[in-house]
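Visitor: I should be grateful for a close look at one part of this structure, namely its salt bridges and what surrounds them. Please take the explanation step by step, as for a first-year student.

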Amino acid sequence: MTIEHALEWGKEELYKSGVPESELSAWYLLQSCFRRAGGTGQTFSRSDYFLKKKEEILPDQKKRYELLVEKRKQRMPLEYIIGYTEFMGLTFSVDENVLIPRQDTETLVEAVYPLCKGKRVLDLCTGSGCIGLSIGVLGAPASLVLSDISAAALRVAEQNGRQLAAEESGLRSIQMEFVCGDLFENIKGVFDIIVSNPPYIESGGISGLMPEVGMYEPITALDGGGDGLDFYRRIIGSSPSYLCGGGMLYVETGYNQGESVAALMREHGFEQTKIRKDLAGNDRVVSGRTVAERKD
């Protein structure tokens, strides 16, 4: 079987199984086989494909490709199969212990990072670390604390921190700490900015999610309680104790939760609340500022 025939076979198998974006999945799975087979992490580009597509695929690559296609047919997320994803132009390792970063979440990072230079930043529910580490690379904060209740998720975030620090010199100059705990548990000190993408799916809606999400992504990173707002109540209620005077809280929300979350912020004394929309025009980020007068 040639490399070209292998790719066409993969596309057809995934398409027949109803996998969304079957052509894209087939390509990334094939590309992954060549990267792993080389053992050095090198990419197999589109140019490489067109130069080599008439060559025979090696037996071990063919066997691995068939295995990966079968996993994708079972609706395992592509990102978990290949082990990484792109976010804010950076590469993040992911596995079944963390939520897969979404493009919508880039709206949160884009809102926050311009404000972070020289500031103390806390990222709650960090998961893969994509939010906090992207802010670290792009925003040059003085210090960065990334926290998650899952020790397994935190290990992924730490791995991404090491990987990005090796590639991005600016991140190496930031005081960075990874903390395992339930929201503010084990968090010390005060911060200029707190950022979070907490679980916000209503418990009753989990079963209706697409298979890639409901069957494979960690339930603890999805389930926000009966109305989806449980974590916002906890985060917003406790944040004033961990923010300096005039400190900012930024949270990602579901598409229809902006007004509810903004109201929660106002109830807890936050000022200048603002709802930002994503590229699709849906509520995505809510922010608020604590009162300026505070003695830390």
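Guide: The following account begins with the salt bridges and then turns to the cores, the helices and the loops around them.

The model is a predicted one. A search of the whole structure finds 18 salt bridges. As a general principle, side chains of opposite charge can pair when their charged atoms come close.

Consider first the salt bridge between Lys53 and Glu4, whose closest N and O atoms are 3.9 Å apart. This pair links distant parts of the chain, since Lys53 belongs to the loop between helix H3 (46–52) and H4, while Glu4 belongs to helix H1, 49 residues apart. Glu4 has a relative accessibility of 18% and therefore counts as buried, because the limit for that class is under 20%.

A second pair is formed by Glu217 and Arg102, with 2.6 Å between the closest N and O atoms. Glu217 is located in the loop between helix H10 (211–214) and helix H11 (230–238), and Arg102 in the loop between E2 and H6, so this salt bridge ties together parts that are 115 residues apart in sequence. The two partners fall into separate classes of accessibility: Glu217, at 6%, counts as buried, whereas Arg102, at 29%, counts as partly exposed.

A third pair lies within one helix. The side chains of Asp230 and Arg233 meet in a salt bridge at 3.2 Å, N to O. Both residues are in helix H11, 3 residues apart, which means that about one helical turn separates them. In general, an α-helix has 3.6 residues a turn, so residues three or four places apart point the same way. Asp230 is partly exposed, with a relative accessible area of 35%, and Arg233 is partly exposed as well, with 37%. Elsewhere, Glu13, Lys16, Glu70 and Lys73 are joined into one network by salt bridges that share partners.

From charged pairs we may pass to nonpolar residues. In soluble globular proteins, nonpolar side chains tend to be buried together. Here the largest nonpolar core has 28 residues, and those with the most contacts inside it are Ile3, Leu7, Leu14, Leu29, Leu30, Tyr49 and Tyr65. At least two residues of this core come from each of helix H1 (3–16), helix H2 (22–38), H4, H5 and helix H8 (151–167). H2 gives the largest share, 6 residues. Leu14 illustrates the surroundings of one core residue: beyond its neighbours within four places in sequence, Leu14 is in contact with residues including Val19, Ala26, Leu29, Val69 and Lys73. The residue Lys73 is also a member of the salt-bridge network just described. There is, in addition, a second, separate core of 25 residues, which includes Cys116, Leu164, Leu171 and Tyr250.

Burial can also be followed along a helix. In helix H7 (residues 130–139), 8 of the 10 residues are buried, so this helix is largely enclosed by the rest of the structure. Among the buried residues of H7 are Cys130, Ile131, Leu133 and Ile135. Helix H6 (residues 106–112) contains Thr107, which is buried, with a relative accessible area of 13%. A polar atom of the Thr107 side chain lies 3.0 Å from the backbone oxygen of Asp104. Apart from its neighbours within four places in sequence, Thr107 is in contact with Lys277, Asp278, Arg284 and Val285.

The last topic is the backbone angle phi. Most residues other than glycine have a negative phi. Against that background, Arg75 has a positive phi near 70 degrees. Arg75 lies in the loop between helix H4 (59–73) and helix H5 (78–82), and its relative accessibility of 18% means that it counts as buried. Asn186 likewise has a positive phi, near 70 degrees, and is found in the loop between strand E5 (175–180) and strand E6 (191–196). At 48% relative accessibility, Asn186 counts as partly exposed. Ala140, which follows H7, has a positive phi near 50 degrees.

A further case occurs in a hairpin. Strand E1 (residues 84–87) and strand E2 (residues 90–93) pair in the antiparallel sense over 4 bridges, and Thr85 has Phe92 in E2 as its bridge partner. The hairpin has 2 residues between the strands, and Met88 takes a positive phi near 55 degrees there.

Note on methods: Residues numbered from 1 in each chain as written. Predicted model: local features only at pLDDT ≥ 70, side-chain atom pairs only at ≥ 80, totals over all residues. Heavy atoms only, no water. Buried < 20%, exposed > 50% of the residue type's maximum accessible area, 1.4 Å probe, protein only. Pairing = 2+ DSSP bridges. Polar contact = N/O pair within 3.5 Å; in protein donor to acceptor, adjacent residues only side chain to side chain. Contact = heavy atoms within 4.5 Å. Core = buried A, V, L, I, M, F, W, Y, C linked by side-chain atoms within 4.5 Å. Salt bridge = Lys/Arg side-chain N within 4 Å of Asp/Glu carboxyl O.
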